[in-house]
Every structure is written in structure tokens, then in C-alpha cells.
Amino acid sequence: MLTKARIVWIGLFALLALFPLVVTTPTWTSIIMFALMYMAITTSWNMFSGYSGYVALGAACFFGTGAYTAALLAKHWNVPASGDLFWLIPLGGILAMAVALPIGLIALRVRRHTFVVITIAIFFVFQLSAINASFTGGTSGLQLPFLPWGFQDFNVPFYYLAFAMVVVATLLSAWVRQTRFGLQLMAIRDDEDRALGLGVRVWAVKLSGFVMSAFIIGCAGALYAIYQGQIYPQFVFNPLFDISVALMAFLGGFGTLAGPLLGAFVLETLQLWLTENYSSGSLYLIIFGALFLLVIIFMPQGVVVYVKDRVTKREDRERSMIADNEAQIAGAAQ
Amino acid sequence: MTFSNLVHAVIDGVLTGSVYALMATGLTLIFGVMDIINVAQGVFVILGSYLSYALSVHFGIDPFVGLLITMPTMFLVGIVVERAFIARLKGPEKTAMSILVTYAVSLVIEGALNMIFSTNPVQINNASYVNSSVHLFGMWLPFIYIYGFILASVLLGSLYFLLYRTRFGASVRASLADQTAAALVGIDVKKVSTICFGIGIAVTAAGGMIYGTTNAFNASSSYDLISRLLTIIVLGGMGSLAGALVAGVSMIILEDIVAVAWSPVWSNITFFILLVIVLSFRPQGLFGKQSARVA
């Protein structure tokens, strides 16, 4: 069924799909490609953390696992520098899910506050292992076969792969909201003890949500590795990545469908644009931090919820004004 | 590993661990009273280090004397941050939001420190006791480690006196136990929260001074610090003061032992693995109360 909201959604996605046909500057296709990657990651993260209220700060564990899977498999299977590399992307996602299972088994034993901190601790185990283990190449990282495409169109296949990830993540996230499983996740967010009392198998629901959300993040990690052609442990296992994903979701609207997409698009584009033009990492940190503090103060529930509330309030006001007018007219007539 | 190496590791661990215990106590106090996880604690420590560094290098003020300036300054910084941002957080996502808000605060401070002091690591090393040592227990101990231990012990002692022997301390402990009940018996929980946040940040000035004299640091050292401090308070049991103390000292001892027995490279990771193991058996941490507060 084509509702007004659906037309807007399809229109926005069509704009994104047409973007590289209109704008062919490699700088810009690369910026929007990264924005799309973060949109997919944040939406996927939100599918567990946003719906269940369990804020996980270890998304980089999955991202890094995906990136290392792609790099290591490309090396050991001698994948040629061609489109064949892209088959490694879903494998990155699957490996990320395999890693998410034991992490979930440990971290989900505790309630929210401690969960956040444990995900941070587990993240550091991953980062330090990647830096210190021998098979990961240590701090010098790993190289992937470099794709021999022309400079002008180099970004385009990556752009559409990232776009496909956004579409899959959004459809999945929208679908989960309507299923029994999604409702159970949101019931956990509202009141876990009550959900448990009402017969929700909270443990199984949380664990499957957590593992499911790892897939797209792992795929994005693999895509990143193939795009860069070289990965370093400090970039694929980056604490800023963990927090950025959470900030993007909160900025747009934690637990909503459109919020993470909007937050990721705005923040990632802004970040890359600032680095491109000012090349000052410190300035970006200040702007990023200050922007987030402003949002918290003025729109504590995120941009999407804020705008929605404003629209509803205006409609209510208009409706009541019409009602008032009608009452006055009716009064005058009497 | 020889026996003397082991003894050295333990003594070193106690001396350094006490400083970590001090910084972690500030963090756990804030969590216990306010349900706020202050991930900016690491960057506040570094801010404290830079304040001491600036006073010592540019004005020639001894870092220990400088604490008379830096501690009240950090206390005020804490009050301002609490009033401006933390006090606005409400509702079921309060704790999760607090992580992101304090993270945003820490990004702003990190960016500002990078701009002011550049990212080149520095160390506070122009005081005489930083580079000289004393022969004790059959080994050379730098004076600064001993002074740092004494400072941390004195501050922890005064903090315990404040919390357990004064009227204000009684209201803090009441708020730690149950905020609603504390409010009901007439405690101004808001005011107690603000002051606790101030105290929790003020101790980072002292911790930062010791950290800055014993390590070369720049703004991104805060990531290393905050990951350790969070691990310490979770291991000790979030909101437990005794837990922060015991976990702080024992974690650093363990880290030092692993560093001598195996390799410094893997000592960091032991820290986190120990946390994961302990939590698998005791999800509430060593000293945490079982479901004292339902999330």
C-alpha cells in the first residue's frame, strides 16, 4: 500500500540511488558512500540497542571482525583483485555474528548499566588482541589486493554495495518492529522484569537480537577493508567508532526507524566534509561534542521524535482552533 | 621470574594502584549517588595533569602545592558540568544518556587540549623528586611513587572521614542506598548529587598530577585511563566505595605481575579478561549488592 510516508521513503532512497549518476566527483561519491555505510551500521545497531534499550558500545568488535575476515580470507584464498572480492562481504557478516554469540553470552548476563561497561571492556580485548596477535599483522595491519579500476569510477560499485546494505538494514529494521520478536525487544526496553513476568523469554530474545544486529556491521567492515585496500587495528577497532554509532542513533532518534538513518547521514557527511576542508581533527572533536550537547539539551529524544512532536502539537493546535471557531460561530448563531 | 621481581611488582602495584583507586572512587561515587556513568573521568584526569603541568612549567609552582589551586578548580569544573548537562538527564534512558553526554563533554575537552597543548606527549618532570629514587626493600623506588601513594592515601582517608563521620556524608550514603527514600526523609538529593559530582571530579586533579609526573601523556591518554577506571569500578561492584579501593589496587598489582611474569604487551588484556571471568560468575561485581537497583 502506498501511504504518504512510504512515498517519502521511496523518494529519499531514489535520490540516494541517483546521486552518483548526477554527482561524479570522486570526493563526494566517497563521502556519501561512507555516510551510507554508517547509515547501515547505525540502523543495524539500533535494531538491537535502540529497540531493547541495551546500549552496546562494542559495534567496532563486529566491524573489525568483518574487516579482518575479508583481509585474511583474501590473503589465504588468494582472491584475485577483481569483483570476486565482494563475495567476502557476506562472510565478514557471518563471522561477525559468530563472534557476537559468545560476546552476547557473557555481556547479556548483566543489566543495562553494567552491560555498557562490559561491552567497552570486550572491545578493548579485541583491539589489544588485534594489535598484539601475530596472524593479524600487528600494528602494521594487513593488505588486500588493490582493485585495478579507474580513478573516476572507483567509488561507484562500493557506493551501490553500501546503498544495498542501507536498504537491507532499513527493511529488516522496519520488519522487526512489526513482528512479535520486535515487540518483545521493545517490551524489554520498557520494563524487563515485567516482560519476563508476562512470559517473554528475555534471554533468548536479547541474544538473538544482539547476534542479528552484528551481521550488517560485519558486512560493512568487510566493505571498508576492500575499499581501503589496507587495514590497521587502530582504525577498524576504534573506540570513537563505538561511540559515534551510538551518538548518531541518539542524535536522530534512539529506537526509531528514521532516526539512525538521519543521524548517521548528517554526522558522517559533516565529519568528512570538515576533515576535507579544515583537516583539523581537534576542531571536529569540539564541533561534534558541542553539537551533541546542544541536541541533548534542546531535543533529548532526538531530532526525529522532536520534529514529530512539534508537528503533532501544531496539528492539535490547528484542530482546536478550528473547533473554537466553530463553537464561536455556533454561539453567535444562537 | 624471580621472587624479588614479584615483590617489586606487588609493591609497585600497591603504590600505583592507590592512585587508580582514588580516581575510581570518584567515578563510583558519582555512579552510586547519581546513576551517572561519567566516561569523561579519563579526560578530567588528563585535564588535571595539564593544569599541574602548566602551573609547574610556566609558573614554577610545585605540583603538590599546585593542588591547592587545581583541586578547587576541578571541583568547580565538575559543578558547572553537572549543572549544565548532567542535571538535565531524566527518565529511563538516564544512565545510557549520561555515557553519551559525558563522552561528548570529553570530546570537547580533548579537542581543546589538543589545540592548546598539541598532541606531543609531555611529562611533569621539573620537580626534584620526580627523577630521584630511594633504596627501600632492596630496590630503588622513585620518590614520586611514594609521595603519590601518601597523597592518595591521605585523600582517600579524608574522603572516608567525610562520608562516614560527617552529617553531609550521612546524606551521601543515604542517597547511595536509596534516592527516593533519602528525598523522603528531607535530604536535598539534587544538592548532594551536585557536590558529589564536584568531589568526584576534584579527586582527578590529584590523580592527574601523579599520572602526569609518572607518565608521559597527551589528551588521548584518557582512553587508556577511562577503560581501566571503568573496569575497576565494574569489577569492584558499581557504586561500592570499598570495591573501587580493593579492585583498584588488586588490578594494578595483577597487571604488574603479568608484566614481569609474561610480557607488558599482554598485561593490559589480562585486566579485561579478568573482568569478563569475574562477571561471568558474579554479575554484580566483587562488592556489588545483588540487584540493589533494578535497571
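Let's start with confidence. Among the elements of chain A, helix α9, residues 202–228, has the highest mean pLDDT, at 93. Helix α13 of chain A, residues 281–298, has the lowest, at 80. This is a predicted model. For chain A as a whole, the mean pLDDT is 86, and 98% of residues reach 70 or more.

Next, a helix pair in chain A. The axes of α1, residues 4–22, and α6, residues 155–178, come within 10 Å. They cross at roughly 170°, which means α1(A) runs roughly antiparallel to α6(A). On the α1(A) side, the contact includes W9(A), F13(A) and L16(A). On the α6(A) side, the residues include Y159(A), Y160(A) and F163(A). By class, the contact has 12 nonpolar residues, 1 polar and no charged.

Now the empty space. The largest pocket holds about 1100 Å³. Its lining has 42 residues, and Q234(A), F235(A), N238(A), P239(A) and L240(A) lie nearest the centre. That lining splits into 21 nonpolar, 17 polar and 4 charged.

On to cavities. There are 3 of 30 Å³ or more. The largest has a volume of about 230 Å³. Of its 19 lining residues, those nearest the centre are I120(A), P239(A), Y103(B), Y223(B) and I226(B). Helix α9(B) gives the largest share of that lining, 5 residues. The class split is 13 nonpolar, 4 polar and 2 charged.

The second largest cavity has about 90 Å³. It has 15 lining residues, with A56(A), G58(A), A59(A), F62(A) and F210(A) closest to its centre. Helices α2, α3, α5 and α9 of chain A each give two or more residues to this lining. Here the classes are 11 nonpolar, 4 polar and no charged.

Key: Residues are numbered from 1 along each chain as its sequence is written. Chains are lettered from A and ligands numbered from 1 in the order in which they are written. This is a predicted model: local features need pLDDT of at least 70, side-chain atom pairs count only at pLDDT 80 or more; totals for chains, interfaces and linings use all residues. Side-chain values use heavy atoms; hydrogens and water are left out. On a 1 Å grid over the protein atoms alone, a cavity is a set of points where a 1.4 Å probe fits but cannot get out, and a pocket is an open set with protein on both sides within 12 Å along at least five of seven lines; lining residues have an atom within 4 Å of a point. Grid points are joined across faces, edges and corners, and a volume is the space filled by probe spheres set on the points. Ala, Val, Leu, Ile, Met, Phe, Trp, Tyr, Cys and Pro count as nonpolar, Asp, Glu, Lys and Arg as charged, and the others, Gly among them, as polar. pLDDT is the predictor's confidence in each residue, from 0 to 100. Helices (H or I, at least four residues) and strands (E, at least two) are DSSP runs, numbered from the N terminus. Axes are lines fitted to C-alpha atoms, for helices over the stretch in contact, and angles run from 0 to 180 degrees between N-to-C directions. Angles under 35 degrees count as roughly parallel, over 145 as roughly antiparallel, 65 to 115 as roughly perpendicular and the rest as oblique. Contact means heavy atoms within 4.5 Å.
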